[in-house]
Amino acid sequence: MPKMNYWTDKWDLHEDVCPCDVHFNQWVAKQKIKNKQIYHFGSGTHHVVGIKQAAQKNRTFCITASKEEYQAYIDLVTENSGVAKNYLCYFGDIYLTNPALLPDFDVVTMFHLCEFFFPNTASKEYGGLTDAKVLDLFTAKTKKGGYILFYTRSMGWEKSKAVIAKWEKKAKVKKVGEFKTLLVYQKK
Ligand SMILES: C[S@@+](CC[C@H](N)C(=O)[O-])C[C@H]1O[C@@H](n2cnc3c(N)ncnc32)[C@H](O)[C@@H]1O
């Protein structure tokens, strides 16, 4: 069996370089989204989405592929039961997502789509999804009326644009606008 493709790096909060998580928290506040279920792609060591959304009474399910970021999550929730109750971060490769393990979501972030696809990701041996299939899977996991957000300054944005263009033609979604660096769709 091949090893899991994980991220050998970590990401601290650099709002000037990568403001997507901060912009996401601002968007949620602006929409007055409360008591909802969020899926977030890419925690960073800072976990600002999980922390802020726990305080806003939303529940966040988040993936990290970084051992350091996952350790930071363990340290965080060890010290804070309120965050532990409302924020679940797990270690994994999003391309290996098994939909049977996930609930449905009201809001999904696909901020790092097309950034971490490895040469072997979609091989039979590894068993991973393509970026288009990741997006389809999370669209299926989004509730009717729920939101799917993209980050327009992502490293994978050029590739993502092509994936999104095909997706919006066939998926039951509509573009509802932009918020700062984010592009927002809603499931019909
Ligand atoms: C550049 S960091 C950005 C973190 C955070 N969203 C921010 O903007 O501050 C990229 C994130 O993607 C996650 N990541 C990298 N490869 C991944 C993969 N294959 N599956 C899931 N997450 C992955 C990393 O763990 C990290 O949290």
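Here are a few notes on this predicted model, going from the overall fold to one helix.

1. Starting with the make-up: there are six helices and seven strands in the protein. Walk along the sequence and you get α-β-α-β-α-α-β-β-α-β-α-β-β.

2. On overall dimensions, the C-alpha trace spans about 40 × 40 × 35 Å along its principal axes. The radius of gyration is 16 Å, and a compact globule with 188 residues would come out near 16 Å, so the two agree.

3. As for packing, 34% of the 188 residues count as buried. Take the contacts between residues at least 6 apart in sequence: 73% of them join residues at least 24 apart.

4. Now to helix 3, residues 67-78. Its 12 residues should span 16 Å at 1.5 Å a residue, and the end C-alpha atoms are indeed 16 Å apart, so the length checks out.

5. Which residues of helix 3 are buried? They are Glu-69, Tyr-70, Ala-72, Tyr-73 and Val-77. These residues cover an arc of only 155° around the axis, so they sit on the same side of helix 3. Turn to the other side of the helix and you find Ile-74, Asp-75 and Thr-78, which are exposed.

6. What lies over the buried residues of helix 3? The cover includes strand 2 (59-64), helix 4 (81-86) and strand 3 (87-91). If you have the structure open, look at Tyr-70 and Tyr-73 as two of the buried residues, then swing round to Asp-75 on the exposed side.

Note on methods
Residues are numbered from 1 along each chain as its sequence is written. This is a predicted model: local features need pLDDT of at least 70, side-chain atom pairs count only at pLDDT 80 or more; totals for chains, interfaces and linings use all residues. Helices (H or I, at least four residues) and strands (E, at least two) are DSSP runs, numbered from the N terminus. The expected span of a helix is 1.5 Å times one less than its number of residues. A residue is buried if 20 or more other C-beta atoms lie within 10 Å of its own, exposed if 12 or fewer, and partly exposed in between; C-beta atoms are placed from the backbone. The arc is that of the directions from the helix axis to the C-beta atoms. Two residues are in contact if their C-beta atoms, placed from the backbone, lie within 7 Å. The radius of gyration is taken over C-alpha atoms; the globule rule is 2.2 Å times the number of residues to the power 0.38.
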